[in-house]
Amino acid sequence: MAAAKRPSVKDVAALAGVAVGTVSNVLNRPDIVAEPTRRAVEDAIATLGFTRNESARQLRAGASRSIAMVVMDVANPFFTDLYVGAESFALERGYSIQLGNSGNSGEREQQQLSAFEQQRVRGVLLAPIAGAEPVIERLREHGIPTVLVDRVASDLEACSVAVDDVEGGRLAVGHLIAEGHRRIAFVGGPADLQQIRDRVQGARIAIAQAEAAEPRLAPIDLETVPVEHLGAVDGRDAAERIVAQAPGERPTAVFAANDLLALGLLQGFVAGGLRVPEDIALVGYDDIDFAATAAVPLSAVRQPRREIGYAAGELLFREIEDLEAGATHVHQHVRFVPELIVRRSSSAEAPAA
């Protein structure tokens with residue numbers, strides 16, 4: 001049995017008694033169509049059960065009603081939440097959003113972006129691996145606006161949305177100093193990530209402020225424990241290195257560059273016979289949902305993850321609209337303020353759950 005023929009624009013026009021161009025205007029620019037005519041076309045669409053062939057329309061127009069988001073690690077709940085926030089805004093505008101995972105690889109990042117270019121996405125939200133300048137320039141040459149996410153880009157020709165990571169690092173280490181710690185380790189990497197550099201800078205600012213306010217506290221040591229990636233496995237490996245240190249040299253507190261690292265560190269410390277926070281305190285970064293439900297609830301610097309994604313979507317669509325209107329676009333840089341959430345992993349006085 002032959003499948004029923006899908007109703008076409010011509011069928012809608014015939015039923016409504018209007019020209020095909022009028023139907024097109026109702027579908028794409030309904031504000032320019034007189035209300036009685038628009039209603040007649042809408043009634044015909046409903047009667048016939050007409051749906052537009054979106055793929056064909058996009059090909060004709062040379063652009064799609066979709067945007068893309070490329071993140072460093074889709075397995076990290078932080079980036080998942082960024083995507084959810086961006087998706088919320090895209091759906092409000094009638095767009096879909098495609099997610100790409102660079103896997104912390106510059107080569108894979110380029111492959112993802114090339115694929116999205118070929119699909120003619122209307123814009124890109126990018127959490128870049130490292131240098132973003134060539135990427136932004138290439139996408140712009142192809143008429144694809146780009147907004148950087150989780151990266152401040154005041155020195156680049158692009159909008160950006162991020163958290164003040166310097167302040168985040170200051171909050172984390174300032175808290176550990178207030179808890180009485182003088183030997184502190186920062187676990188994070190790679191060092192070419194701006195977020196990592198900013199968090200370390202904030203940690204050093206906290207130390208300088210504490211030593212200036214109370215000279216008797218000096219010296220406060222900050223040891224850097226480098227890791228190649230920012231996953232839980234890397235955290236466990238770093239914990240083994242820290243546990244292996246002599247008790248008098250071992251840090252008494254650790255500031256981890258993100259929560260996945262911190263959760264791995266927590267596992268490694270417990271496996272190595274260290275009590276958290278009695279033997280070693282721990283603060284993470286991001287405050288993903290798993291942080292509060294860990295065996296020892298994890299203190300963390302909270303980033304408003306979904307709000308960051310939503311704000312990035314807003315900036316991207318403003319640039320898309322300016323581009324389509326031929327208007328001059330002024331790049332904006334939105335920076336959220338982080339918040340320290342204190343739980344049991346860094347303070348014995350905090351509630352156990």
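1. Helix α5, which covers residues 77-92, is a convenient place to begin: at 1.5 Å a residue its 16 residues should span 22 Å, and because its end C-alpha atoms lie 23 Å apart, the expected and modelled spans agree. The model is a predicted one, and the values in this note should be read with that in mind. At the start of α5, a side-chain oxygen of Asn76 comes to within 2.9 Å of the backbone nitrogen of Phe78, and just after the helix Gly94 adopts a positive phi of about 75°. The buried residues of α5 include Phe78, Phe79, Leu82, Tyr83 and Phe89, and also Asp81.

2. Helix α13, made up of residues 305-325, can be checked in the same manner: for its 21 residues, at 1.5 Å a residue, a span of 30 Å is expected, and the end C-alpha atoms are 31 Å apart, which agrees. Among the buried residues of α13 are Ile308, Leu315, Leu316, Phe317 and Ile320, together with Arg305 and Glu319. The helix is followed by Gly326, whose phi is positive, near 70°.

3. Turning to the sheets, one open sheet of 6 strands runs in the order β2-β1-β3-β4-β5-β11, with parallel pairing. Its edge strands are β2 (96-101) and β11 (333-336), each of which pairs on one side only. On average, and with direction ignored, neighbouring strands of this sheet are turned by 15° against each other.

4. Within that sheet, strand β5 deserves a closer reading, since its two pairings can be followed residue by residue. Strand β4 (residues 146-149) pairs with β5 in the parallel sense over 3 bridges, and Val147 stands opposite Cys159. With β11, β5 also pairs in the parallel sense, here over 4 bridges; Val161 has Val334 as its bridge partner in β11, while Val163 stands opposite Phe336. Of the 5 residues of β5, 5 are buried, and both faces of the strand are covered, with Cys159, Val161 and Val163 on one side and Ser160 and Ala162 on the other.

5. Is Ser160, a residue of β5, buried or exposed? Its relative accessibility is 1%, and because buried means under 20%, Ser160 counts as buried. The side chains of Ser160 and His333 are joined by a polar contact of 3.0 Å. Leaving aside neighbours within four places in sequence, Ser160 is in contact with several further residues, among them Val147, Leu148, Arg151, Leu315 and Val334; of these, Leu315 is one of the buried residues of helix α13.

6. A further open sheet of 6 strands has the order β7-β6-β8-β9-β10-β12, and its pairing is mixed. Strands β7 (221-226) and β12 (339-341) stand at the edges with a single partner strand each, so one side of each is left without a neighbour in the sheet. From one strand to the next, the twist averages 20°. Helix α11 (residues 259-271) packs on this sheet, touching β6 (183-188), β8 (253-256), β9 (281-286) and β10, and its direction makes about 155° with that of β9. Strand β10 (residues 299-302) and β12 run antiparallel and are joined by 3 bridges, with Glu339 in β12 as the bridge partner of Arg302.

7. Arg183 belongs to strand β6, and with a relative accessible area of 29% it is partly exposed. The side chain of Arg183 reaches the backbone oxygen of Arg250 at 2.9 Å. Apart from neighbours within four places in sequence, the residues in contact with Arg183 include Asp221, Pro247, Glu249 and Thr252. The C-alpha atoms of Arg183 and Arg39, which are 144 residues apart along the chain, are separated by 72 Å.

8. The last point concerns the nonpolar interior. In soluble globular proteins, nonpolar side chains tend to be buried together. Here the largest nonpolar core has 77 residues, and those with the most contacts inside it are Ile67, Met69, Leu125, Val187, Val254, Leu265 and Phe269. Val187, if residues up to four places away in sequence are not counted, touches Val225, Ile242, Val254, Leu261 and Leu265, among others. A second, separate core has 15 residues, including Val121, Val124, Ala153 and Leu156.

Conventions: Residues numbered from 1 in each chain as written. Predicted model: local features only at pLDDT ≥ 70, side-chain atom pairs only at ≥ 80, totals over all residues. Heavy atoms only, no water. Pairing = 2+ DSSP bridges. Axes fitted to C-alpha atoms, helices over the stretch in contact; angles between N-to-C directions. Contact = heavy atoms within 4.5 Å. Core = buried A, V, L, I, M, F, W, Y, C linked by side-chain atoms within 4.5 Å. Buried < 20%, exposed > 50% of the residue type's maximum accessible area, 1.4 Å probe, protein only. Expected span 1.5 Å × (residues − 1). Polar contact = N/O pair within 3.5 Å; in protein donor to acceptor, adjacent residues only side chain to side chain.
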